[in-house]
Amino acid sequence: MRDIRNIAVIAHVDHGKTTLVDELLKQSGTFDDRVETEERMMDSNDIEKERGITILAKNTAIDYKNTRINIIDTPGHADFGGEVERVLKMVDSVLLLVDAQEGVMPQTKFVVKKALELGLKPIVVVNKIDKDAAEPDRVVDEVFDLFDQMGANEEQLEFLVVYAAAKNGYAKMALEDPNENMIPLLDLIVSDVPAPTGSDDNGLQLQVFNLTFDNFIGKIGIARIFNGTISMGETVVLVKADGEKVSGRVSKLIGFKGLEKMDIDKAGHGDIVAIAGFETIDVGDSLCDPKNPMPLDPMHIEEPTLSVTFAVNNSPLAGTEGKFVTSNKIQERLDSEMNTNIAMQYEAKGEAAFEVKGRGELQITILAENMRREGFEFSISRPEVIVKVIDGVKCEPFEHLVCDVPDEFSGTVIETLGKRKAVMSNMVPMGDGQTRVEFEIPARGLIGYRGQFLTDTKGEGVMNHSFLEFRPYSGAVTSRMNGALVSMEQGEAVAYSIFNLQDRGLMYIKPQDKVYGGMVIGEHARANDLDVNPVKAKQQSNVRSSGADEAIKLIPPIDMSLEHALEWIEDDELVEVTPISIRVRKRELDPSLRRRLEKQKKDLK
Ligand SMILES: Nc1nc2c(ncn2[C@@H]2O[C@H](COP(=O)(O)OP(=O)(O)OP(=O)(O)O)[C@@H](O)[C@H]2O)c(=O)[nH]1
Ligand SMILES: [Mg+2]
């Protein structure tokens, strides 16, 4: 039996996890020389590639000096923190990456807390030391302080430090060492990461940490074997989180190497494999020896903090752009999503609407983005945070927010966030004219803030947040300051009318875009909504005005991405999502009904 090491790569978003895994794959000799490699190989799905972020944790295996190293690359974005937490139970150590310039960030704190709680002893990799503004010593100090604050024990505080520039393919034990390759890190993994405990001679004990689905073979669980062996065709017992036991046969056993998956006959303790044959298999379930089933502790599955409503599109343009538009189709798609994505849930709400819950706006947007690429058409409502009653007290999720901004904008940021119920917890100069301001803020206060933040910092600020805890409800939070420009006509937008409207606010449409009554075509410069006519053509006249049409200068419209639209809308608005368009509309399209509703709302206040 060869040696095995199981390790996860954890960090704040963009600190270089996937790039580091690339280099470990390439430099361990796992690939044939002829294999062409690309950047961020593990980010395999389309949206991951486009956005350059990891969404799903993925495992790979490399063979180095007779040792099998199983590596799990994890997502750094806060919405996917739950996934990281589960992965940590599958490994015997972690590579904790920290950007040599940015230092400790919110998600660094989150992952460190989880790793230390599980008793893991991280190897700290200070990455991106090639950056001009890198300060590796400062960053090591920050990591030490963080470990200390998080209650690390003596052994955990004596963490090893590796200095790396993953992008340039080197890692070294001391800053003064030459920049060569990743070998020092590979050697360290073999020598420092504990070998798996357990034995092939014990009864089978394996736990699922990830799911995938294949149209031919069904649900597949990706799992770590903690004890015993598992063979293709063998009958074993699936133990669910609630203790229910189901006996079943392993219909497929899959092993990993590099980017390949292959059928295998048998695997032993310490290894990571994929298994099919169990229809109800879920994350956290165990597979055990039928003679003496000893399941592993079920896993903590994080609760959703945000919800939106996905509904059948009922705008006047409904059905003109999408392939799948019915309630049934949407429900089927949500069912299949929830089958493998355990961090999300949905509930049918009346005839043609579904309340979809997830961990954050990004998670929900990614589902919506995938659906529109598959040909779906639907509407989404404004994200709402999930309120919970804890010991009789109404509570809401709070986030830890870190803003890095040029010094001169810190005042504005603090003031605006104050109105959103944020409480400043720290403020430090970062050198280079930058200030880092930290806050604790109700998640509600963050909805729709990103756009404002970018405006307030002239696009130079960087903000990051991650879930803190549920706390008592903090009362009303201010929302969007501007009203909407609402179309009163259906048709195609005309350059002439857009030109005349553009002093009224920011436009979301361009000439020839389809519009309808009740559709939002821009943001009003003032607080109230304004009904406007974007399809009105210029009055024909006999006198040819010299080149007036050509003189029309349109300001380029704001590109309404799905994220932007969801952040922007208010309760009385919806985002219409189709494979071709993202439109914002009023929930109530009829202007007189809309006015009556607005009046009722005001009277209630
Ligand atoms: N200068 C520099 N840039 C790096 C280094 N390593 C990674 N990067 C860059 O940092 C960016 C993010 O890299 P990724 O590997 O996608 O980071 P990640 O941690 O996997 O990101 P998420 O999975 O989204 O959390 C990319 O543009 C990389 O090219 C490095 O050593 N030096
Ligand atoms: Mg990544």
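Here are some questions and answers about this predicted model.

Q: Which radius of gyration does the protein have, and how does that fit a compact globule of 605 residues?
A: Let's start with the whole chain: the C-alpha trace spans about 90 × 60 × 55 Å along its principal axes. With 605 residues, a compact globule would come out near 25 Å. The protein's own value agrees with that, at 27 Å.

Q: How many helices and strands does the secondary structure of the protein come to?
A: Helices and strands both show up here, among them helix H1, residues 17-27, and strand E5, residues 123-127. Count them up and the protein comes to 16 helices and 35 strands.

Q: Which residues come nearest to ligand 1?
A: Ligand 1 has 18 residues around it. By class, that shell has four nonpolar, eight polar and six charged residues. The ones that come nearest are Lys17, Thr18, Thr19, Thr54 and Asp130.

Q: Which helix gives the most to the shell around ligand 1?
A: Look for the helix that puts the most residues into the shell. The top contributor gives three residues and covers residues 17-27. That's helix H1.

Q: How much of ligand 1 does the protein bury?
A: Check out the backbone first: a polar backbone atom of alanine 166 is 2.9 Å from an oxygen atom of ligand 1, and one of lysine 167 is 3.2 Å from a ligand oxygen. Histidine 15 also has a backbone N or O atom 3.4 Å from an oxygen of ligand 1. Taken alone, ligand 1 exposes 650 Å². Of that area, the protein buries 88%.

Q: Which strands are the edge strands of the open sheet with seven strands and mixed pairing?
A: The strand order in this sheet is E2-E3-E1-E4-E5-E6-E7. An edge strand pairs on one side only, so look at the two ends of that order. They are strand E2 (58-64) and strand E7 (170-172).

Q: By what angle are neighbouring strands of the mixed sheet turned against each other on average?
A: We're still with the seven strands of the open sheet. Ignoring direction, the average turn between neighbours is 25°.

Q: Which residue in E6 stands opposite valine 124?
A: Strand E5 (residues 123-127) and strand E6 (residues 160-165) run parallel, joined by four bridges. Valine 124 falls within the residue range of E5. Its partner across in E6 is valine 161.

Q: What is the average twist from one strand to the next in the open sheet of eight strands?
A: This sheet has antiparallel pairing and the order E12-E11-E17-E8-E9-E16-E13-E14. Its edge strands are E12 (245-249) and E14 (260-263). From one strand to the next, the twist averages 35°.

Q: Which residue in E16 stands opposite leucine 253?
A: Strand E13 (residues 252-257) pairs with strand E16 (residues 272-276) in the antiparallel sense, over three bridges. Opposite leucine 253, in E16, you'll find isoleucine 275.

Technical notes
Residues numbered from 1 in each chain as written. Chains lettered and ligands numbered in written order. Predicted model: local features only at pLDDT ≥ 70, side-chain atom pairs only at ≥ 80, totals over all residues. Heavy atoms only, no water. Near = heavy atom within 4 Å. Polar contact = N/O pair within 3.5 Å; in protein donor to acceptor, adjacent residues only side chain to side chain. Areas by Shrake-Rupley, 256 points an atom, 1.4 Å probe, with all protein chains shown as cover. Nonpolar A, V, L, I, M, F, W, Y, C, P; charged D, E, K, R; others polar. Axes fitted to C-alpha atoms, helices over the stretch in contact; angles between N-to-C directions. Rg over C-alpha atoms; globule rule 2.2 N^0.38 Å.
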